[in-house]
Amino acid sequence: MSTALVPGSFDPPTNGHIDVIARCSAVFDRVVVAILLNSTKKPLFTDEERLAMLATSCDPMGNVELTTFEGLLVDQAASIDADVIVKGLRAISDFDYELSMAQMNRNLSGIVTMFVATKPEFGYLSSSMVKEVSRLGGSVSGLVPPHVEEALKERTGS
Ligand code: PNS
């Protein structure tokens, strides 16, 4: 059985994240989406809120589990018996950082990292941009799932 680990902050999950998870779900037997806790970035949504938002989008996929983690990603990978870490790549600007993280993780435990190219229409999309647009009253329709759009409106008062 193949298991992919898809880690992230997911503050909040975007349609780019959901697209990457859905494509992993079609390729791997089991997909574990792991939400980073206690990130140095102060999240807009609590751990529980991010879990719930991902659950709404991922439940229909059938083979996707959700979890949270702290500490090293490679330790999380070992604890769930992951075969690979999967990351989305939006643009060449993501590559340098993602490559060095993949190489560090390989050095730490030998785990393989695979990259999924995001859909071109989500190439510019990031959680931080979505939060800023929402906070300033702009529309994020089509960029995040509808339930996330609602949660953003509520949280940012837009
Ligand atoms: O959605 P994000 O914020 O880009 O996700 C980043 C994440 C969670 C994948 C990254 O910060 C991470 O792997 N954190 C765990 C800490 C770790 O293992 N660091 C050493 C590897 S470079």
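Let me begin with the lining of the largest pocket, whose residues divide into 17 nonpolar, 14 polar and nine charged. Please keep in mind throughout that what we are looking at is a predicted model.

That pocket has a volume of about 1200 Å³, and its lining is made up of 40 residues, of which P7, G8, S9, K41 and E98 lie nearest the centre of the pocket. If you would like to find the lining on the structure by its elements, those that give two or more residues to it are strand 1, helix 1, which covers 15–27, strand 4, which covers 84–89, helix 4, and helix 5, which covers 127–135. Which of these elements gives the most to the lining of the largest pocket? It is helix 4, which contributes six residues.

Now, where does the ligand sit? The ligand is found in this largest pocket, and the elements that give two or more residues to the shell around the ligand are strand 1, spanning 3–8, and helix 4, spanning 92–109. Going through the surrounding residues in the order of the chain, we meet P7, G8 and S9, then L36 and K41, then F69, G71, L72 and L73, and finally K87, M101 and N105. Sorted by class, this shell has six nonpolar, four polar and two charged residues.

Two of these neighbours deserve a careful look, starting with S9, where a polar atom of the side chain lies 2.6 Å from an oxygen atom of the ligand. In the case of L73, it is a polar atom of the backbone that is 2.8 Å from an oxygen atom of the ligand. As for how much of the ligand is covered, the ligand taken alone exposes 560 Å², and the protein buries 73% of that area.

I would like to finish with the loop between strand 1 and helix 1, in which we find both F10 and P12. F10 is not a glycine, and yet the phi angle of F10 is positive, at about 50°. A little further along the chain, D11 and P12 are joined by a cis peptide bond, with an omega of about 0°.

So that you can retrace the path on the structure yourselves, start from S9, which is among the residues nearest the centre of the largest pocket and also one of those surrounding the ligand, and then turn to F10, in the loop between strand 1 and helix 1.

Terms used: Residues are numbered from 1 along each chain as its sequence is written. This is a predicted model: local features need pLDDT of at least 70, side-chain atom pairs count only at pLDDT 80 or more; totals for chains, interfaces and linings use all residues. Side-chain values use heavy atoms; hydrogens and water are left out. A residue is near a molecule or strand if one of its heavy atoms lies within 4 Å of it. A polar contact is a pair of N or O atoms within 3.5 Å; within protein, one must be able to donate a hydrogen and the other to accept it, and residues adjacent in sequence count only if both atoms are side-chain atoms. Accessible areas come from the Shrake-Rupley method with a 1.4 Å probe; for residues, only the protein chains shown count as cover. On a 1 Å grid over the protein atoms alone, a cavity is a set of points where a 1.4 Å probe fits but cannot get out, and a pocket is an open set with protein on both sides within 12 Å along at least five of seven lines; lining residues have an atom within 4 Å of a point. A molecule sits in a cavity or pocket if more than half of its atoms lie within 2 Å of its grid points. Helices (H or I, at least four residues) and strands (E, at least two) are DSSP runs, numbered from the N terminus. Ala, Val, Leu, Ile, Met, Phe, Trp, Tyr, Cys and Pro count as nonpolar, Asp, Glu, Lys and Arg as charged, and the others, Gly among them, as polar. Grid points are joined across faces, edges and corners, and a volume is the space filled by probe spheres set on the points.
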